[in-house]
Amino acid sequence: MLPPGQLPFSVRLIDIGEGGLRAACSVNPPLRSVRVIRIPVLSAGRTGASLIEARVQFMNSIYARFEDGFRVGLKFLDVPAATRDLISAFLAG
């Protein structure tokens, strides 16, 4: 689900935690804007990838020449329990 008039774009995951994530992307989204992010993750003891899907809010952005774009900090919003469990399993594994 995207806000009207906004197109999807890809990000490269740099770091993830229970409260949010850091990513590199080629666009500089407006601060405080909200998007849905989808991240395939492998968890210990599971076959195949699980999909983390969560609403995130862009909290900070800085131009990073070596990333050929921007480093952004995103905060998870209203994460369902099942998604929190996937993130915790990924971090523990």
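Trainee: Let's start with the helix. Which strands does α1 lie across?

Mentor: α1 lies across β1, β3, β4 and β5. Against β4, the helix runs at about 75 degrees. Keep in mind that this is a predicted model.

Trainee: Predicted, fine. What pLDDT does the protein average?

Mentor: The average is 86. A score of at least 70 is reached by 89% of the residues.

Trainee: And by element? Which has the lowest mean pLDDT, and which the highest?

Mentor: Helix α1, residues 81-92, has the lowest mean, at 86. β5 has the highest, at 95.

Trainee: Now the sheet. In what order do the strands come?

Mentor: The order is β1-β2-β5-β4-β3. These 5 strands form an open sheet, and the pairing is antiparallel.

Trainee: Which ones are the edge strands?

Mentor: β1 and β3. Each of them pairs on one side only.

Trainee: How many degrees are neighbouring strands turned against each other on average?

Mentor: The average is 40 degrees, with direction ignored.

Trainee: Take β3 and β4. How many bridges join them?

Mentor: 9 bridges, and the two strands run antiparallel. For one pair, look at Val 36: its bridge partner in β4 is Arg 55.

Trainee: And on to β5, how many bridges join β4 to it?

Mentor: Also antiparallel, with 9 bridges between β4 and β5. Here Asn 60 has Gly 73 in β5 as its bridge partner.

Trainee: What about the hairpin of β4 and β5? How many residues sit between the strands?

Mentor: There are 4 residues between them. Check the backbone at Asp 68, which takes a positive phi near 55 degrees.

Trainee: Switching to pockets. What volume does the largest pocket have?

Mentor: About 340 Å³. Its lining has 18 residues.

Trainee: Which of those lie nearest the centre?

Mentor: Phe 9, Val 11, Val 36, Ile 37 and Arg 38. You met Val 36 already, as the bridge partner of Arg 55.

Trainee: Which strands supply at least two residues of the lining?

Mentor: β1 (11-16), β2 (20-25), β3 (34-42), β4 (49-64) and β5 (69-77) each do.

Trainee: Which one gives the most?

Mentor: β3, with 6 residues. That is also an edge strand of the sheet.

Trainee: Last one, for setting up a probe. How does the lining split by class?

Mentor: The lining has 15 nonpolar residues, 1 polar and 2 charged.

Notes
Residues numbered from 1 in each chain as written. Predicted model: local features only at pLDDT ≥ 70, side-chain atom pairs only at ≥ 80, totals over all residues. Heavy atoms only, no water. 1 Å grid on protein atoms, 1.4 Å probe; cavity = no way out; pocket = protein on both sides within 12 Å on 5 of 7 lines; lining within 4 Å. Points joined across faces, edges and corners; volume = space filled by probe spheres on them. Nonpolar A, V, L, I, M, F, W, Y, C, P; charged D, E, K, R; others polar. pLDDT = per-residue confidence, 0-100. Pairing = 2+ DSSP bridges. Axes fitted to C-alpha atoms, helices over the stretch in contact; angles between N-to-C directions. Contact = heavy atoms within 4.5 Å.
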